[in-house]
Every structure is written in C-alpha cells, then in structure tokens.
Amino acid sequence: MSDAISVLRGWSNSGKLSEVAFSDEGKLRLGETASLTASETVEVAVGGGKTCRYTVGSIFLQLVDVNQSLLAYRKACKKHKVKDAVKAIDKAELIAFFKGGAGPKPAVPEHAREGAAPVSSSKPAPPPPRPEGDRGRDRHSNREDKKRHRSSSERERERDRHRSSKKRELSSSRSSSRQPERKEKAHKPIDPEMLFSNLSVVVGKREIKAKRDAEQAKLHAALSTEGFGTVAKELIAEFRSKHSMAHEIPVGDSASILKAGAGKDLSRILKLYSETMEKKSAPGRKPTSGSSRAKGFSDGQKRSWRPYLVDKKPIIVLPKGMTAPITLVNAHKFFAESQFVSRTVMQKELRTKRQAPKTHFERQVNARFGGGTVQYELMDNPRSKLHRPEDWERVVAVLALGQSWQMKDWPGPYSNPVQLFHRVFGFYVGMEGDNVPKELQGWSVTQTRVSRDKRGLDSVTYASFWNALDEWMAIHKPELLPQPNE
C-alpha cells in the first residue's frame with residue numbers, strides 16, 4: 001500500500017477530510033506538515049481481484065462528501081482541474097475501502113436479510129468434526145432454512161407484483177385525468193350564400209393589401225433622391241387638380257411675402273421700403289425709382305438680407321455621444337454618400353487607412369430651390385470653433401441626441417433646446433426598435449429611424465433629411481444657398 005493511500009485512509013478514519021485544503025497548486029494540505037500531490041495516481045485493490053486506478057485528488061473529492069450528488073462531484077472535479085473522476089461503479093467500493101478501515105464490506109446474501117447475522121469477510125476456521133447424529137440434524141435444519149427462504153422469496157415477489165399493479169393503476173388514472181374531454185363539434189353545412197360572402201371578404205382584404213402596398217411603394221419612390229423631382233411633381237399636380245382646390249382662395253400677407261424661396265426677386269419690396277423711408281426723411285421731395293438702395297439690387301449684385309452669410313459654408317452640428325447612431329465618424333458616409341455605416345465599422349476602416357473623418361462635402365441643391373452646388377461643413381464641437389455671432393448663424397442643422405446636456409456650453413439662446421430649434425433645423429435619427437428620449441418630445445425636431453439590417457431604406461432617411469433642410473434654408477437662411485445673378 002502506497003503512502004498516499006495510507007495518508008488518505010488515516011484522514012478518513014480520523015474524520016479530518018473536511019479540514020484538508022485543496023490548493024490551486026494541486027496540493028492537499030492538512031496543517032503545515034502533511035500534504036499530498038493531487039495529480040499522483042494510485043492503485044487501490046478493493047477486493048475480489050479488482051483494482052482501481054485514480055488520482056489522489058479524484059479520490060479525495062469523492063471521500064470529502066460521500067452523500068454528494070454526481071453533478072456536485074463533477075463540478076468539484078472541474079473546479080480543481082481533476083480529469084479522472086471516480087466512476088459510478090467504483091464509488092461504493094472506494095468509499096468502503098477508505099471509510100471502513102479494513103476494506104469494503106462484502107455484499108449480504110439475499111436469504112440472509114431477514115434478520116440473519118452478517119458474515120465476516122475473513123476466511124472462517126474449519127469447523128470441528130461432528131458426530132453422525134449432529135449431521136442428520138444439520139440436514140434437517142438446512143431443509144427448514146430452504147423452505148423459509150423460499151417462502152420469504154415468494155412473499156417478496158408477491159409484494160413486488162402488488163406494488164407494480166398499484167403503480168400502473170395510479171399512472172393510468174393520472175393520464176386519464178390530464179387528457180381533456182374532447183367534445184365533438186357538429187359540422188354545419190356551408191350554403192352557397194355563406195361561401196360567396198367568405199370569398200368576397202377574402203378578395204376585399206387582398207385588394208386593400210394590394211392598394212396599401214402600391215401606395216407605400218409610390219411613397220418610397222417619391223422620397224428617394226432620384227424620384228423626388230419627378231414623382232413629387234406628379235403628386236402635387238394631382239392634388240391641385242382635385243375639386244377641393246377649385247374652391248380655395250389664395251391669401252397672402254407680409255409674412256408669406258417675406259418667406260420667399262431662393263431665387264425669388266425681392267427688389268420690388270426693398271424698393272417700396274426705400275421710397276417710403278426717403279419720403280419720410282424729405283417730405284418735399286418726390287420719390288424716384290432710381291434711389292440708391294433700389295439701384296444696388298438692379299445692377300447684377302447678389303440679393304440677401306444678411307450679406308455677410310453669402311458664399312459661407314453651412315454647418316451641420318453632430319452629437320458627441322457614443323450612443324448616437326450618427327456621429328462625426330460616420331456622418332460623411334451618410335450625408336454625402338447616402339450610406340449608413342455603423343460607428344464601430346467606420347472606426348476600424350479609418351484606423352486601417354490611417355485617415356481622419358471627413359468634415360467637408362459638396363451637394364447639388366434641388367432645382368426647385370434654386371439649384372447650384374453648396375459645400376457643407378460637419379462638426380461636433382461648435383463651442384471651440386465658432387467664436388462670433390456671425391459664425392453661429394452659419395449653423396443650419398443640429399442632429400439632436402435627445403439630451404439637453406448636448407448644448408449646455410453653447411452661447412446665449414443656443415444653449416436652450418427650445419430656442420435653439422426655433423433658430424436651426426432640428427433632426428433626430430434613432431435606431432429601429434429603440435425608444436425615443438422623453439426630453440425630445442417637447443422640442444421642434446423632425447424624427448426618423450435607421451434600419452438595423454435593411455440598407456436599402458437608408459436613401460429614404462437621407463432624402464427626408466435633405467428635402468426638409470433645403471426647404472428650411474430656402475425660408476430662413478437663403479443667403480447660404482447659391483445666389484442667382486441678374
């Protein structure tokens with residue numbers, strides 16, 4: 001017997017297994033002196049010519065709690081990196097070997113379970129010779145023992161049959177109680193009128209679905225960059241041709257005149273204003289059409305209310321939040337190329353090419369807003385780049401994050417989201433399926449979604465942004481659009 005087996009048996013018999021520590025270095029330690037190597041393989045002779053080969057750690061984890069389940073034992077082996085777990089067929093013999101002190105207990109014969117004394121595992125000494133009379137009595141007693149054994153075996157079999165029959169009855173009653181009672185439904189005959197009504201309902205639903213699909217396809221085509229110029233004109237013409245427009249009376253006031261689109265001639269309004277002002281300053285002098293201010297707008301110069309904004313680059317401000325779908329990293333790809341690429345993918349691409357994000361791009365303005373090319377600038381830190389009020393007036397759009405801290409360090413009214421989105425065009429882009437921030441509900445911001453996997457819908461979001469921004473700029477900041485020459 002090896003030293004490791006002797007130590008394990010000593011720990012087991014003295015009840016000190018629970019005090020043994022299984023260290024991360026693969027050592028079994030009891031106090032400061034006694035220790036075993038968990039990976040050492042030992043061979044245990046369990047009796048009957050049978051031997052078992054296991055590591056010391058595997059046997060220890062089995063002996064430390066003989067009542068543990070197989071799953072708990074396997075988890076302990078996995079935790080301590082023990083690869084040769086004790087097999088289920090060897091468990092009882094190993095426990096008996098280490099816990100019994102003298103080896104495993106032999107199996108008790110079935111006929112000896114009815115109160116018979118246990119048989120010793122050691123080889124008994126041969127009995128002394130008996131006389132002939134005693135041998136006859138022994139034979140008689142053996143016959144009686146066999147009869148009792150047969151009767152006890154028959155009683156056991158009868159009990160087993162009785163138990164099995166009860167189990168079958170109980171299982172059959174449970175299965176019958178679980179099955180719901182099936183009620184046979186009487187099938188009603190379908191008459192021709194019911195058949196035709198069902199068919200009409202199905203056909204009507206299909207017609208409604210086909211009409212809805214056609215309208216959606218037409219709407220997507222109208223919102224795309226290619227189809228907006230053609231399909232939108234057809235829709236407007238169709239709308240104007242309806243009878244409801246025939247009864248409309250066009251109404252104009254000073255506000256509608258001042259909200260003129262790009263390319264509309266405002267020289268007449270300025271001329272009337274200059275004549276009125278000259279009349280007030282010189283009552284005896286007749287106003288003439290050749291006043292200096294009117295002449296300044298009839299000799300081919302560009303017209304605008306804020307000439308310091310002419311030929312300047314419009315600015316689109318982006319959020320710096322890491323959770324925003326569109327930031328400075330992937331904004332150029334979306335606003336210039338109509339493609340949405342996630343922020344992480346775009347960062348890897350820029351890192352591979354060793355490039356910085358692009359912040360300038362040119363775009364062709366739609367013809368109905370005056371046409372021409374405009375160069376836009378992208379930024380996400382306007383506070384550090386825009387120092388004068390004239391510079392802040394170049395901001396035409398802000399991509400809202402949905403949190404007010406995005407504008408906390410911006411100057412004046414630009415730090416208040418409510419006032420900010422009355423001065424600039426507000427746009428919110430969210431991922432499909434995400435909740436809209438509650439704070440965004442009180443702001444004048446156009447909301448849209450970006451699909452997570454349908455890249456064909458990116459052009460719809462792209463077109464909705466640029467169509468709305470062009471219209472907003474034509475009304476509020478036409479100086480930043482291309483100016484026509486007379």
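**Entry 1. Serine 459**

I began with S459, which counts as partly exposed at 22% relative accessibility. I note at the outset that the model is a predicted one. I located S459 in helix α17, which covers residues 458-476. I then looked up which residues S459 touches, leaving aside those up to four places away in sequence, and found L223 and S338. I also checked S459 against F334: the two stand 125 residues apart in sequence, yet their C-alpha atoms are 9.2 Å apart in space.

**Entry 2. The protein as a whole**

I next turned to the overall make-up. I recorded 17 helices and 11 strands for the protein. Of its 486 residues, 31% are buried. I also looked up how contacts are spread along the sequence. Among contacts between residues at least 6 apart, 56% join residues at least 24 apart.

**Entry 3. Helices α2 and α4**

I looked up how α2 and α4 are placed. A pair of packed helices is described by the angle between the axes and the distance between them. The axes of α2 (residues 56-63) and α4 (residues 88-100) come within 10 Å and cross at roughly 85 degrees. The two helices are therefore roughly perpendicular to each other. I then listed the residues that meet: I59, Q62 and L63 on the α2 side, and K91, L94, I95, F98 and K99 on the α4 side. By class, the residues of this contact are five nonpolar, one polar and two charged.

**Entry 4. Cysteines**

I asked how many disulfides the structure holds. The search returned zero. For the record, a disulfide is a covalent bond between the sulfur atoms of two cysteines. I looked up two cysteines individually. C52 has 3% relative accessibility and so counts as buried. C77 is likewise buried, its relative accessible area being 3%.

**Entry 5. Salt bridges**

I searched the whole structure for salt bridges and found 16. Side chains of opposite charge can pair when their charged atoms come close. I examined several of the bridges in turn.

One of them joins the side chains of R163 and D160, with 2.9 Å from N to O. I asked how R163 and D160 are placed in helix α5. They are three residues apart in that helix (residues 132-178), and are thus separated by about one helical turn. R163 is partly exposed at 44% relative accessibility, and D160 is partly exposed at 41%.

I then took the bridge between K333 and E337, where the N to O distance is 3.2 Å. Both residues belong to helix α12 (residues 331-337) and lie four residues apart, about one turn of the helix. I asked whether K333 is buried or exposed. K333 has a relative accessible area of 18%, so I entered it as buried; the cut-off for buried is under 20%. Its partner E337 counts as partly exposed, at 35% relative accessibility.

Another bridge links D391 with R388, whose closest N and O atoms are 3.3 Å apart. D391 is buried at 13% relative accessibility, whereas R388 is partly exposed at 48%.

Finally, I noted a network of salt bridges that links K50, D90 and E93.

**Entry 6. Positive phi angles**

I closed with backbone angles. Most residues other than glycine have a negative phi. I therefore looked for residues that depart from this pattern, and I recorded two.

D311 is not a glycine, yet its phi is positive, near 65 degrees. I asked where D311 is placed. D311 lies in the loop between α11 (292-296) and β6 (315-317). With a relative accessible area of 65%, D311 is exposed.

R354 is also not a glycine and has a positive phi of about 55 degrees. I found R354 in the loop between α13 (343-353) and β7 (360-364). R354 is exposed, its relative accessible area being 78%.

Methods. Residues are numbered from 1 along each chain as its sequence is written. This is a predicted model: local features need pLDDT of at least 70, side-chain atom pairs count only at pLDDT 80 or more; totals for chains, interfaces and linings use all residues. Side-chain values use heavy atoms; hydrogens and water are left out. Axes are lines fitted to C-alpha atoms, for helices over the stretch in contact, and angles run from 0 to 180 degrees between N-to-C directions. Angles under 35 degrees count as roughly parallel, over 145 as roughly antiparallel, 65 to 115 as roughly perpendicular and the rest as oblique. Contact means heavy atoms within 4.5 Å. Ala, Val, Leu, Ile, Met, Phe, Trp, Tyr, Cys and Pro count as nonpolar, Asp, Glu, Lys and Arg as charged, and the others, Gly among them, as polar. A disulfide is a pair of cysteine sulfur atoms within 2.5 Å. Buried means under 20% relative accessible area, exposed over 50%, partly exposed in between (1.4 Å probe, protein chains only). A salt bridge is a side-chain nitrogen of Lys or Arg within 4 Å of a carboxyl oxygen of Asp or Glu.
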